[in-house]
Amino acid sequence: MVEFKTISYEAVTVGEEFMSDDFLIKPEDVETFAYAVDDHHPWYFKESPFGGTIAHPVLLGNQALLMRHSRYIVPAGLHAKMQFEFVEPLRVGMRVRSHGKVIDKYERRGRHYMVTQFETREEDTGTVLTRGQFTQMIFPESGVHLETTNRQGAAGR
Amino acid sequence: MKPQTAKALQVGDALPPLTKSIAQRQIDCYSGVRPHSIHTDPEWARKKGFKVPLAQALMSTAYVSQMMVQFCGEGFVRGGRISVAFIKPVLAGETLTAHGRIKSREQEGGKARVTLEVWCENQDGVKTMVGTASGLESDLQA
């Protein structure tokens, strides 16, 4: 049983590990993503040089980004930095899962940040598909975003 | 505009820009509609200091990915990288343009890794995201 608590700078610990739920990449996920970002490249719907169709390389970004939601209540999140490395193409029918580890947390200009390293693998084969790291702001529980001070990079989830 | 391929461009050359108008419904599809979300709950977004919901910052990496697939093809899907900072929130209803300019071309394992400076600007010309993206040159282009 997971006991959820509201995220805070104090609660997050460096070395803390996260794991997403597993996720089956379905045709409708590719179609929805294509609509959301207006990218209907034929490799995603007809044929690719990899044999068959593939999915958008960044399709699973949210699986990694939302891992902290599997342990914390996150009232709002601002995303400061993102790094991706695309290792193997994503395909419909793959069952995938992301693992992550908090590698740093810091305060800058009165704001709190956490840095998470992640790797997304195909469940059946263990093949690494995507890896990277991201920096997220730990938003104050009852605070509001002060746009005029937004200089370090922080822009949504 | 016809996509430019990696080998046809030199360091300093710019890619054709990619412009996206971001509707709330697209944000809903990207982020998943739920209450207490600054992306899909207008009232909650206002409580958190935004006049309208925000596009998820990660959407900008999808625009960079689209640009890089057009440019590098297979060598971005397998071997590509993105490293960006999100420096300004993007609101629902805004228009973003993704830009890329070739920064370097270096040998890596028998192939050339092409690195671009990438950035997104909103309709007022204000940068919302800055960073780099790279891919391995290949003969297969999108």
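This is a short walk through a two-chain model, moving from chain A to the contact with chain B and then to one helix.

Okay, hi everyone. Before anything else, please keep in mind that what you see up there is a predicted model. So how confident is the predictor about chain A? The average pLDDT for chain A is 90, and 89% of the residues score at least 70. There is a weak stretch, though: residues 147–152 of chain A have pLDDT below 50, and beyond near neighbours in sequence that stretch makes 9 contacts in the model. Where pLDDT is low, we shouldn't read the predicted coordinates in detail.

Let's stay with chain A. It has 2 helices and 8 strands, and if you follow the sequence along, the pattern goes β-β-β-α-α-β-β-β-β-β. Of its 157 residues, 39% count as buried. And here's one on the fold: if you take contacts in chain A between residues at least 6 apart in sequence, 74% of them join residues at least 24 apart.

Now find strand S6 of chain A, residues 95–108. Which strands pair with S6(A)? Among them is S7(A), residues 111–122, which runs antiparallel to S6(A) and is joined to it by 12 bridges. If you want a pair to look for, A:Val102 has A:Thr116 in S7(A) as its bridge partner. These two strands make a hairpin with 2 residues between them, and in the turn A:Arg109 has a positive phi of about 50°.

S6(A) has other partners too. S2(A), residues 17–19, pairs with S6(A) in the antiparallel sense over 3 bridges; there, A:Glu17 is matched with A:Lys101. Then S3(A), residues 23–24, also pairs antiparallel with S6(A), over 2 bridges, and A:Phe23 sits opposite A:Val96.

Right, on to where the chains meet. How many residues of chain B are in contact with chain A? The count is 41 residues of chain B, touching 38 residues of chain A. On the chain B side, H1 (24–31), H3, H4 (74–77) and S2 (81–86) each supply at least two of those residues. H3(B) gives the largest share, 8 residues. By class, that side of chain B has 23 nonpolar, 12 polar and 6 charged residues.

Strands pair across the two chains as well. S5(A), residues 77–86, runs antiparallel to S2(B), with 5 bridges joining them. To spot this one, look for A:Lys81 standing opposite B:Ala85.

Last stop is helix H3 of chain B, residues 58–72. Let's check its length. With 15 residues at 1.5 Å a residue, H3(B) should span 21 Å, and its end C-alpha atoms are 21 Å apart, so the two agree. Is H3(B) buried or exposed? Well, 15 of its 15 residues are buried, so the helix is largely enclosed by the rest of the structure. Just after H3(B) comes B:Gly73, with a positive phi near 65°.

H3(B) also matters for the largest nonpolar core, which has 70 residues; A:Leu90, B:Tyr63, B:Val64 and B:Met68 touch the most other members. H3(B) gives the most to this core, with 10 residues. Take B:Tyr63 as an example: leaving out residues up to four places away in sequence, B:Tyr63 touches A:Val37, B:Leu18, B:Lys20, B:Leu96, B:Ala98 and B:Cys120. Thanks, I'll stop there.

Conventions
Residues are numbered from 1 along each chain as its sequence is written. Chains are lettered from A and ligands numbered from 1 in the order in which they are written. This is a predicted model: local features need pLDDT of at least 70, side-chain atom pairs count only at pLDDT 80 or more; totals for chains, interfaces and linings use all residues. Helices (H or I, at least four residues) and strands (E, at least two) are DSSP runs, numbered from the N terminus. The expected span of a helix is 1.5 Å times one less than its number of residues. A residue is buried if 20 or more other C-beta atoms lie within 10 Å of its own, exposed if 12 or fewer, and partly exposed in between; C-beta atoms are placed from the backbone. Two strands pair if DSSP finds at least two bridges between them. pLDDT is the predictor's confidence in each residue, from 0 to 100. Two residues are in contact if their C-beta atoms, placed from the backbone, lie within 7 Å. Ala, Val, Leu, Ile, Met, Phe, Trp, Tyr, Cys and Pro count as nonpolar, Asp, Glu, Lys and Arg as charged, and the others, Gly among them, as polar. A nonpolar core is a set of buried Ala, Val, Leu, Ile, Met, Phe, Trp, Tyr and Cys residues joined through C-beta atoms within 7 Å.
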